[in-house]
Amino acid sequence: MAKIELTRSPLIKNVMKSRYPQLAVFIVMLVGYIFAILAGLIGTPVGSHNFSIVFVWIAWWAVLILVAVPFFGRGWCAVCPIPLPGEWLQRGAVLSPPEKRPKWLNLRVPKMFRNIWLQNISFLLLALFSSVLLTTPNITGIVLTAMLFAAIGLSTIFERRAFCRYLCPVGGFIGLYSQVAPIELRIKDKQICVKCEGKPCYNGSQAGYGCPWDVFPGGLAKNTYCGLCMECIRTCPHDNIAINLRSFSADLARPSTRMDEAFKAFIMLGSAMIYAGVLLGPWGVFKDAAYNVGTSAWFVYAIIFLSIIFVILPGFFTLGILRTKSALPLKQRFASLATALIPLGLMFWVAFSLSFVLTNASYILAALSDPLGLGWNLFGTANATWQPMLTSILAPAQTLALVGGLIWSARTAQKAADEVKISSIPVIVYCLIVTSVMLWLLL
Amino acid sequence: MKRSELLSRILITVAIVGAVGAPLLLWSRTPLIHAQMAENGGWSPDVIQAEVGKPIHLKLTSDDVMHGFAVGQMDMEAVDVEPGKVTDITLTFDKPGMYTFYCTRWCGLNHWRMRGTIEVSGSPSDPEPASIPLYVSLNLDVDTPHDASSIPIDQPSAIRGKELAAELPADLSVEYYLSHSPYQVFEDLSNTSLTDSKRWDMVAYIWQSNTTKESLANGKQLYAQNCAACHGENGAGNGVFVDDLKAAGDSSAQTMAGAQDMQMQTPANFTDPTRMLGGSPALLQGKILRGGMGTGMPMWGSIFTKEQIWNLIAYIYSFQFQYRN
């Protein structure tokens with residue numbers, strides 16, 4: 001599919017370029033975020049009736065994984081409120097152009113942290129505590145507060161959005177999966193960038209700030225680290241930045257060579273499978289272990305969790321590709337072929353999320369009218385009863401997602417294998433096996 | 001500073017202050033009574049102030065599982081207190097005093113401990129002298145064993161006993177029934193020419209004639225709501241909480257007085273004739289009203305009315321006697 005440049009539309013372009021529409025969205029999101037923190041801390045401790053749990057872990061998660069990531073890539077990052085207070089503080093301004101001298105320390109993030117390993121760790125930390133986090137409002141309130149302050153703290157120490165880029169627990173997988181989205185921010189003409197003096201898109205100018213995500217747009221080849229903040233559209237003096245509509249998973253044609261990204265694919269694939277088993281499966285003993293944080297059963301659960309993600313899944317994958325004939329070192333083959341797991345991982349999460357989102361979506365109505373559980377009835381829906389939705393289409397939709405993910409990954413595997421000139425068959429067999437396990441877990 | 005920058009800063013500040021302030025303000029103005037399982041704190045607050053004749057509006061919510069709310073010795077329907085939802089209730093007290101409110105749902109092993117008090121102040125319009133319970137005036141020791149020395153071979157039948165009514169001694173007053181155990185009455189009937197089994201039938205008839213269908217029905221309902229969780233639906237001491245009670249007893253036995261504690265955690269078996277036929281209604285009144293010291297048996301004196309306790313006692317004896325075909 002040929003790319004369609006959306007920014008050709010004057011309306012879209014002006015909306016992106018102007019700071020006001022974005023600011024309006026930011027304020028709404030920030031208010032919602034602060035309200036979620038407050039609801040978690042002072043609202044009812046009953047998760048299913050607390051705004052923080054219902055709107056963060058059901059509504060937001062549903063929008064994120066079912067719509068935002070697959071269709072808009074880092075679309076969520078474009079409106080995420082977490083970095084805003086820190087960024088405003090860092091800049092000393094909301095709308096005004098940058099000052100000549102930075103207000104804070106403005107350090108560069110040390111090289112050893114300039115990858116997504118910290119994000120892998122922060123995601124796993126939340127994942128291991130997720131049974132408690134996802135059901136306990138005050139824990140959710142505390143974690144949301146901690147993320148806000150971590151972002152503020154990092155903004156005062158490091159340059160740009162260090163939190164988003166290197167620490168945010170969801171930012172890592174959003175970036176990984178944003179590669180499949182049919183939307184991208186790219187330059188129009190490379191030669192213009194090459195000749196451009198001062199590179200204001202990266203270094204900033206009176207028109208706006210240098211890329212908060214520490215990316216030089218001129219070199220953008222994939223969505224992973226572009227936060228769609230639109231700053232470069234404002235700063236580019238040559239009108240050389242475009243938002244394009246493109247085919248799905250276009251970025252995956254160029255497989256990754258990074259181990260942090262490869263392991264991110266395994267972390268996401270594995271945790272979707274573990275969640276499907278633990279949270280949706282019939283095994284009470286696993287649920288108890290996951291919920292009773294700090295007990296010996298939980299430690300066993302944590303060890304199993306990490307073993308599946310870091311040993312079992314990558315181990316079998318490595319065994320599968322070990323015998324493929326290639327001149328490339330095993331590490332590079334591993335990283336390149338793990339790219340094939342990206343669509344499958346995303347569809348695992350779609351299938352898993354469909355299950356609990358459709359089951360729990362009816363809580364949204366009640367929580368909307370009585371967000372703190374104080375007996376309010378703001379919109380007359382406080383007494384909406386819990387009712388699983390669309391139960392008849394759940395299993396077919398999940399099957400479709402998983403089988404679709406398998407086909408999608410198989411095609412990605414073929415392309416990735418062609419790129420590094422090895423056989424894709426072991427990866428396709430691997431995908432088939434894990435998809436079968438996931439189908440068994442979910443259905 | 002440019003005007004747009006200033007305006008946006010003002011807007012952001014107002015939005016943040018609003019997002020924090022508005023819910024905090026509304027929250028602080030909505031006093032809720034929180035219900036939690038007793039082991040997590042029970043009712044909070046657990047003391048409520050009220051005034052005679054002035055309706056008080058209570059907003060109740062549960063922080064964990066389904067609970068219920070009722071006030072003891074008050075003619076009211078219990079209301080459910082659901083997790084995360086708010087139940088509104090208005091109460092009006094026409095007499096001052098200390099009232100007990102309690103959970104009416106079997107929320108957990110310590111459900112019975114989920115109680116609080118409502119202190120109702122005001123001058124009594126109709127002062128009522130306190131009456132001494134029968135078990136106190138009879139000076140009964142509620143805690144000593146009271147086993148019957150002999151028990152019937154078959155379940156005593158009030159229907160068969162009724163046929164022998166002509167042979168009943170004339171002086172069987174209500175006080176006599178209340179203060180005597182079935183076994184004592186059985187013994188008192190030894191001066192008749194009746195066989196043991198007929199004497200037991202007559203005892204059953206005496207117990208039946210001291211109650212009514214309505215009392216038994218009320219007792220049955222109270223029993224099902226309040227007693228069956230431990231004592232079992234059929235009175236056999238095997239309610240749904242028994243295993244947990246035993247486990248709690250086992251763990252306390254490790255640090256306390258050993259086997260005695262475990263024994264105390266075992267709910268009474270009302271189908272056991274040795275135990276039940278040896279106890280008088282007055283003795284059972286003491287056990288229910290006061291509760292079992294050092295056992296899991298709670299005190300019900302602040303919850304049930306006198307009449308309700310007698311109805312309950314009449315029903316508990318029905319596990320021993322056949323009242324109907």
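This is a chat between a visitor and a guide about a predicted model with chains A and B.

Visitor: Before we start, how are things numbered, and what does the model being predicted change?
Guide: Residues are numbered from 1 along each chain as its sequence is written, and chains are lettered from A, with ligands numbered from 1, in the order in which they are written. Because this is a predicted model, local features need pLDDT of at least 70 and side-chain atom pairs count only at pLDDT 80 or more, while totals for chains, interfaces and linings use all residues.

Visitor: How many residues does each chain put into the contact?
Guide: Chain A gives 22 residues and chain B gives 22 residues, where two residues are in contact if their C-beta atoms, placed from the backbone, lie within 7 Å.

Visitor: And what classes of residue are on the chain A side?
Guide: The side of chain A that touches chain B has 15 nonpolar, seven polar and no charged residues; here Ala, Val, Leu, Ile, Met, Phe, Trp, Tyr, Cys and Pro count as nonpolar, Asp, Glu, Lys and Arg as charged, and the others, Gly among them, as polar.

Visitor: How do helix α2 of chain A and helix α1 of chain B cross?
Guide: The axes of α2 (residues 19-42) of chain A and α1 (residues 3-28) of chain B come within 10 Å and cross at roughly 25°, which makes α2(A) roughly parallel to α1(B), a word kept for angles under 35 degrees, with over 145 called roughly antiparallel, 65 to 115 roughly perpendicular and the rest oblique. The axes are lines fitted to C-alpha atoms, for helices over the stretch in contact, and angles run from 0 to 180 degrees between N-to-C directions. Helices (H or I, at least four residues) and strands (E, at least two) are DSSP runs, numbered from the N terminus.

Visitor: Which residues meet there?
Guide: Among them are A:Leu23, A:Ile27 and A:Phe35 in α2(A), and B:Leu11, B:Ala15 and B:Trp27 in α1(B). By class, this contact has 16 nonpolar, one polar and no charged residues.

Visitor: Switching topic, what is the strand order in the open sheet of chain B?
Guide: The five strands have the order β3-β9-β8-β5-β6, with mixed pairing, and two strands pair if DSSP finds at least two bridges between them. Strands β3 (47-51) and β6 (79-81) stand at the edges, each with a single partner strand, so one side of each is left without a neighbour in the sheet.

Visitor: In what sense do β8 and β9 of chain B pair, parallel or antiparallel?
Guide: Strand β8 (residues 97-102) and strand β9 (residues 115-121) of chain B pair in the antiparallel sense over six bridges, and B:Tyr102 has B:Arg115 in β9(B) as its bridge partner.

Visitor: Is the peptide bond from B:Ser44 to B:Pro45 cis or trans?
Guide: That bond is cis, with omega near -5°, and B:Pro45 lies in the loop between β2 (43-44) and β3 of chain B. Most residues other than glycine have a negative phi, and most peptide bonds are trans.

Visitor: What about phi at B:Gln73, positive or negative?
Guide: B:Gln73 has a positive phi of about 55° although it is not a glycine, and B:Gln73 sits in the loop between β5 (67-71) and β6 of chain B. With 15 C-beta neighbours inside 10 Å, B:Gln73 counts as partly exposed, since a residue is buried if 20 or more other C-beta atoms lie within 10 Å of its own, exposed if 12 or fewer, and partly exposed in between, with C-beta atoms placed from the backbone.
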